[in-house]
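Trainee: Got a minute to go through a model with me? I'd like to talk about its fold, its charged pairs and its nonpolar parts.

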Amino acid sequence: MSQGENDYEKALQSLTSTIGNNISEGAKKADSLFSFACIYRVPREFRKLKESAYTPRLIAIGPLHQNDEHLQTPVQDIKKSYTNYLLCRLTARTPEESEDEYKSTVLQECVKEMKDCVDKARKCYAVELDLSDDHMLEMMQNAYRRNA
């Protein structure tokens with residue numbers, strides 16, 4: 001092997017090592033930032049290509065599209081109706097015979113459990129959510145509320 005080839009191999013190894021370290025450092029940073037994240041916002045540049053491909057059309061699940069006007073439809077009330085039926089099933093009552101006291105007790109137990117999960121739920125999002133814990137809980141539970 002000539003001196004020129006030897007120098008080329010050393011430079012190639014050094015460059016490979018530098019690039020490998022750079023990749024490893026970047027991956028570690030991303031892992032630490034998004035260790036629990038599994039829900040990402042599509043980058044604006046991709047959304048611009050075809051907005052409709054990245055925008056929910058019928059229903060919003062979670063906080064990223066909660067304020068989109070076109071999703072504020074009766075479907076939101078249907079989600080609450082399903083939650084009501086679930087609460088009735090958990091209390092072994094039908095919606096017609098359900099007593100609010102029993103539903104309230106079950107709902108309170110559910111809220112207590114979910115309150116413990118709010119931080120974990122927030123960490124699922126790769127973006128910071130500008131929501132209070134109470135608002136986050138409401139979205140998580142699709143709360144059943146009596147008209148007060």
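Mentor: Let's take the overall fold, then the salt bridges, then the nonpolar residues.

Mentor: Two ground rules. This is a predicted model, where local features need pLDDT of at least 70 and side-chain atom pairs count only at pLDDT 80 or more, while totals for chains, interfaces and linings use all residues. Residues are numbered from 1 along each chain as its sequence is written, and side-chain values use heavy atoms, with hydrogens and water left out.

Trainee: Fine. How many helices and strands does the protein chain have?

Mentor: There are 6 helices and 0 strands. Both are DSSP runs numbered from the N terminus: H or I over at least four residues for helices, E over at least two for strands.

Trainee: And what share of the chain is buried?

Mentor: 22% of the 148 residues. Buried means under 20% relative accessible area, exposed means over 50%, and partly exposed is in between (1.4 Å probe, protein chains only).

Trainee: OK, charges. How many salt bridges are there?

Mentor: The count is 2. The rule asks for a side-chain nitrogen of Lys or Arg within 4 Å of a carboxyl oxygen of Asp or Glu.

Trainee: Which residue pairs with Arg-47?

Mentor: Glu-51, with the closest N and O atoms 2.7 Å apart. Arg-47 is buried at 15% relative accessible area, whereas Glu-51 is partly exposed at 42%.

Trainee: What about Asp-133, which partner does that one have?

Mentor: Arg-122, at 3.1 Å from N to O. Asp-133 sits in helix 6 (residues 133–141) and Arg-122 in helix 5 (residues 118–123), so this salt bridge ties together parts that are 11 residues apart in sequence.

Trainee: Is Arg-122 buried or exposed?

Mentor: Buried, at 19% relative accessibility. Asp-133 counts as partly exposed, at 39%.

Trainee: Switching topic: which residues form the largest nonpolar core?

Mentor: That core has 9 residues, among them Leu-64, Met-114, Tyr-125 and Leu-137. Helix 5 and helix 6 are the elements that give two or more residues to this core. A nonpolar core is a set of buried Ala, Val, Leu, Ile, Met, Phe, Trp, Tyr and Cys residues joined through side-chain atoms within 4.5 Å.

Trainee: What does Leu-137 touch, leaving aside neighbours within four places in sequence?

Mentor: Leu-137 is in contact (heavy atoms within 4.5 Å) with Val-111, Met-114, Lys-115 and Val-118.
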